[in-house]
Amino acid sequence: MKASAGGYARAVDVAHALELMAGSEGAGRFLAGGQSLVAAMNMRLSEGDMLIDISRIADLSGVREDGDRLRIGALTRHAQVGNDPMIRAHAPLLSTAVDYIAHAAIRNRGTIGGALAHADPAAEFPACALALGATMHASGSAGTRDISVEDFFEDVFTTALEEGEILTAISVPKAEPDEVQVIEEVARRSGDYALTGLCLVRRKARHRLSVFSAGPVPTLARGAMQALDAGDTEAAVEALRKEIDPPSDTQASGSYRRHLAGVLLRRAVARIEGDNP
Ligand SMILES: Cc1cc2nc3c(=O)[nH]c(=O)nc-3n(C[C@H](O)[C@H](O)[C@H](O)COP(=O)(O)OP(=O)(O)OC[C@H]3O[C@@H](n4cnc5c(N)ncnc54)[C@H](O)[C@@H]3O)c2cc1C
């Protein structure tokens, strides 16, 4: 089946993109890497969209240090995230997550901002952002604003971005010298979306644990985090299995996903403790 588009315009900068969106009478959709949007259009899940191509806006791409934070432009492609030396040094979770995302062709086009704005509950970057305590930077007709990652993911494919707002960047705290960040997931085949996955960050002896593909949005497993802070892995596994309610679908049952989450947590703890790096 072929996509049905209602029009196309290329934005030269953020102000132009917002202007095009304002003039689109509600039909405007930002086009970044196109790896989710175009796939949805090809399946006619979305029709008659006015595509506002933001992919050439240079200001929205690249990585820079900003004091004790790292700022990553929304249009930074997955492959760039995987290879960037600053990200490897200061937010290694994001670099390692790239290896789990789809295939090389998709990683060469897909953007971190597109993955966050798309908010697929099985995607890796939203869960990484949550575990890292990221801030989302957005720009809209009312100006710019920052959104805490904990308020960003609202439902399946739904975020706190207002109609017509552009996600311009994501910033994360730079890793502490002894900080450890790991991602674990199980997928049926390499490159498939995860059946279940998790991200674990240990910062100054405190833990942040996010789970993905286990509910409508990536979530922080706060009970498990407390148990990990107290040094009790088995209590953390038990807490984690209680605090998630994964769906059943054609790929796996909810109870299997719940079981997997516990297995993945034990693996992640072994890795951060250096038993299985
Ligand atoms: C076969 C296949 C397998 C995949 N496997 C995985 C996987 O295992 N893990 C994974 O995480 N992802 C996977 N993906 C998705 C991929 O990572 C996409 O690149 C990503 O989800 C969307 O990024 P994009 O830049 O292509 O966004 P687009 O497709 O261009 O846009 C997606 C949505 O976000 C909106 N949007 C994009 N950028 C912005 C912005 N800056 N501000 C506001 N709104 C914006 C668009 O309007 C659209 O609604 C897969 C995709 C395919 C086709």
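# A guided tour, starting from helix α11

Begin by selecting helix α11, residues 254–272, in this predicted model: at 1.5 Å a residue its 19 residues should span 27 Å, and the end C-alpha atoms are indeed 27 Å apart, so the expected and modelled values agree. Next, colour the buried positions of this helix, which are G254, R257, L260, A261, G262, L264, L265, A268, V269, A270 and I272. If you then show their surroundings, you will find that these buried residues of α11 pack against the strands β11 (180–186), β12 (196–203) and β13 (206–212), and also against the helices α9 (222–229) and α10 (233–243). Before leaving the helix, step just past its end to G274, where phi is positive, at about 85 degrees.

**The domains and the cores**

Now colour the chain by its domain assignment, which gives domain 1 as 5–53, domain 2 as 60–173 and domain 3 as 180–272. The centres of domain 1 and domain 2, taken over C-alpha atoms, are separated by 19 Å, and the contact between these two draws 10 residues from domain 1 and 16 residues from domain 2.

Keep the domain colours on and select L94, L116, F125, M136, L240 and L265, which touch the most other members of the largest nonpolar core, a set of 68 residues. Because domain 2 and domain 3 both give residues to this core, it lies between them. To look at one member in detail, centre on L94, which, not counting residues up to four places away in sequence, touches I72, V81, I87, I112, F125, C128 and L132. A second core, separate from the largest, has 12 residues, among them L18, I57, L60 and I166.

**Helix α8 and the loop before it**

From L94, move to α8, a helix that is mostly covered, with 9 of its 9 residues buried. Selecting E124, F125, P126, A127, C128, A129, L130, A131 and L132 shows these buried residues of α8, and just after the helix comes G133, with a positive phi of about 70 degrees.

Then go back along the chain to A119, in the loop between α7 (112–118) and α8 (124–132). Is A119 buried or exposed? Its relative accessible area is 5%, and A119 is therefore buried. Leaving aside neighbours within four places in sequence, the residues in contact with A119 are F153, D155, V156, F157, T158 and T159. A distance drawn from A119 to I57, C-alpha to C-alpha, should read 22 Å, for a pair that is 62 residues apart in sequence.

**The largest pocket**

With α7 and α8 still displayed, turn to the largest pocket, whose volume is about 1400 Å³. Its lining consists of 48 residues, and those to select for its centre are S36, L37, G114, A117 and H118, which lie nearest to that point. Two or more lining residues come from each of β2 (28–31), α2 (37–42), α7, α8, β9 (158–159) and β10 (166–173), and of these contributions the one from α7 is the most, with 5 residues.

**A last stop at H16**

Finally, select H16, which lies in helix α1, residues 14–22. With a relative accessible area of 23%, H16 is partly exposed, and, leaving aside its neighbours within four places in sequence, H16 is in contact with R10 and A11. As a closing distance, H16 and R64 are 24 Å apart in space, C-alpha to C-alpha, and 48 residues apart in sequence.

Notes
Residues numbered from 1 in each chain as written. Predicted model: local features only at pLDDT ≥ 70, side-chain atom pairs only at ≥ 80, totals over all residues. Heavy atoms only, no water. Helix = DSSP H or I, 4+ residues; strand = E, 2+ residues; numbered from the N terminus. Expected span 1.5 Å × (residues − 1). Buried < 20%, exposed > 50% of the residue type's maximum accessible area, 1.4 Å probe, protein only. Contact = heavy atoms within 4.5 Å. Core = buried A, V, L, I, M, F, W, Y, C linked by side-chain atoms within 4.5 Å. Domains from an automatic or database assignment. 1 Å grid on protein atoms, 1.4 Å probe; cavity = no way out; pocket = protein on both sides within 12 Å on 5 of 7 lines; lining within 4 Å. Points joined across faces, edges and corners; volume = space filled by probe spheres on them.
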